[in-house]
Amino acid sequence: MNLSGYVGGVGMLGPGFNDWPQAAAVLSGRQPYLAAPTVLQIPAMLPPAERRRTGRVVKLALAVALEATSNAGANPAGMPSVFSSSGGDGHICHEICQALALAAREVSPTRFSNSVHNVAAGYWSIATGSMWESNVLCAFDASFVAGLLDAMTQITVDRQTVLFVAYDTEYPPPLHAKRPIPDALGVAMVLTPERTASSVACIEVTLTEESADRMADPELEALRAAIPAARSLPLMRLLADGAAGRVVLEYLDVSRAAVQVRPCV
């Protein structure tokens with residue numbers, strides 16, 4: 001299996017990263033990494049009623065998706081999408097569990113609708129008016145590579161641009177004890193089958209049995225290991241460097257994903 005395509009725009013948000021330019025500066029070594037809680041803004045692209053109901057998952061996913069499409073100069077409503085996350089909205093799941101622990105056991109319909117795994121993709125279609133199909137994946141800690149493989153397969157087979165979004169948010173106590181994700185982190189890429197004016201790199205993805213790459217910086221490596229979406233960091237570092245290279249990303253026990261990167265210059 002060899003899947004190839006082009007990265008036409010990137011978005012990133014996470015602990016110490018407010019956007020892709022800042023993340024790229026840190027990952028390329030031009031700036032030191034300064035850990036700080038992820039700041040999530042209310043998505044202004046949503047209608048007021050939906051804006052009030054959004055949880056952290058929606059805020060995160062929409063922010064990085066919008067940055068990636070903007071950086072690619074692409075119409076957000078003009079492409080299919082792949083949304084991939086290791087779980088749903090932990091805070092909303094916590095609130096539902098609290099409600100079910102009470103005698104009345106009354107669950108808010110709004111809370112329930114925002115707890116489902118495809119909520120971010122649904123709000124993206126509302127915000128952009130997109131009528132394109134959206135695949136929503138969950139593969140636990142392997143969710144980033146699972147989503148990348150899905151998106152790369154689509155651009156290879158269907159020969160059309162795809163928006164790929166991977167994201168995870170933290171769980172509050174007591175759920176945090178069983179799923180200790182420390183903070184929110186998301187990445188997004190606009191992937192195209194052919195080179196365009198906005199292409200920043202060509203990537204080729206294959207499966208391998210090689211060991212996964214780690215981050216040299218101890219704090220960034222801790223982040224990579226703690227948040228499933230941060231398994232993307234070795235690849236994002238290569239994109240930030242703007243240089244050719246190859247990285248192996250953590251995926252399954254029996255295989256990893258090797259990604260070859262060649263910059264578009």
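In strand 4, V165 is the bridge partner of F83. That pair belongs to a parallel pairing of strand 2 with strand 4, made over four bridges. The model is a predicted one. This briefing starts from strand 2, then takes helix 3, the largest pocket, the backbone exceptions, two buried residues and the antiparallel strands.

**Strand 2**

- Strand 2 also pairs with strand 3 (residues 134-137). These two strands run parallel and are joined by four bridges.
- V82 has N135 as its bridge partner in strand 3.
- Both faces of strand 2 are covered. S81 and F83 are buried on one side. V82 and S84 are buried on the other.
- F83, bridged to V165, and V82, bridged to N135, thus sit on opposite faces of the strand.

**Helix 3**

- Helix 3 spans residues 56-71, with 16 residues.
- From first C-alpha to last, helix 3 reaches 23 Å. The expected value is 22 Å at 1.5 Å a residue, and the two are close.
- Buried residues of helix 3 include V57, V58, L60, A61 and L62. Further along the helix, V64, A65 and A68 are buried.
- Some buried positions carry other side chains: K59, E67 and T69 are among the buried residues of helix 3.
- The cover over these buried residues includes strand 1 (3-13), strand 2 (81-84), strand 4 (162-168) and strand 5 (185-192). Helix 1 (20-27) and helix 6 (119-128) are also part of that cover.
- An α-helix has 3.6 residues a turn, so residues three or four places apart point the same way.
- G73 follows helix 3 and has a positive phi, near 65°.

**Largest pocket**

- The volume of the largest pocket is about 250 Å³.
- Its lining has 17 residues. Nearest the centre lie L13, Q41, K59, A63 and V64.
- Helix 3 gives the most to this lining, with six residues.
- Strand 1 and helix 3 each supply at least two lining residues.
- By class, the lining has twelve nonpolar, two polar and three charged residues.
- K59 and V64 link two topics: both are buried in helix 3, and both are among the residues nearest the pocket centre.

**Backbone exceptions**

- Most residues other than glycine have a negative phi, and most peptide bonds are trans.
- F140 has a positive phi, near 55°, and is not a glycine. The residue lies in the loop between strand 3 and helix 7 (143-157).
- F140 counts as partly exposed because its relative accessibility is 48%.
- R159 also has a positive phi near 55° in a residue other than glycine. R159 lies in the loop between helix 7 and strand 4.
- R159 counts as partly exposed because its relative accessibility is 42%.
- The peptide bond joining P173 and P174 is cis, with omega about 0°. P174 is placed in the loop between strand 4 and strand 5.

**Two buried residues and their contacts**

- Y171 lies in the loop between strand 4 and strand 5. P174 is placed in that loop as well.
- Y171 has a relative accessible area of 16%, so it is buried.
- Y171 and C93 are 78 residues apart along the chain, with 8.7 Å between their C-alpha atoms.
- Leaving out residues up to four places away in sequence, Y171 touches G87, G88, G90, H176, R179 and I181.
- L239 lies in helix 9 (residues 233-241).
- L239 has 13% relative accessibility and therefore counts as buried.
- L239 and V7 are 232 residues apart in sequence, yet 9.1 Å apart in space, C-alpha to C-alpha.
- With residues up to four places away in sequence left out, L239 touches V7, V10, W20, M189, A201 and V261.

**Antiparallel strands**

- Strand 6 (residues 201-208) and strand 8 (residues 256-263) run antiparallel and are joined by eight bridges.
- C202 has R262 as its bridge partner in strand 8.
- Strand 7 (residues 245-249) pairs with strand 8 in the antiparallel sense, over five bridges.
- V248 stands opposite A258 in strand 8.
- Strand 7 and strand 8 form a hairpin, with six residues between them.

Key:
Residues are numbered from 1 along each chain as its sequence is written. This is a predicted model: local features need pLDDT of at least 70, side-chain atom pairs count only at pLDDT 80 or more; totals for chains, interfaces and linings use all residues. Side-chain values use heavy atoms; hydrogens and water are left out. The expected span of a helix is 1.5 Å times one less than its number of residues. Buried means under 20% relative accessible area, exposed over 50%, partly exposed in between (1.4 Å probe, protein chains only). Contact means heavy atoms within 4.5 Å. Two strands pair if DSSP finds at least two bridges between them. On a 1 Å grid over the protein atoms alone, a cavity is a set of points where a 1.4 Å probe fits but cannot get out, and a pocket is an open set with protein on both sides within 12 Å along at least five of seven lines; lining residues have an atom within 4 Å of a point. Grid points are joined across faces, edges and corners, and a volume is the space filled by probe spheres set on the points. Ala, Val, Leu, Ile, Met, Phe, Trp, Tyr, Cys and Pro count as nonpolar, Asp, Glu, Lys and Arg as charged, and the others, Gly among them, as polar.
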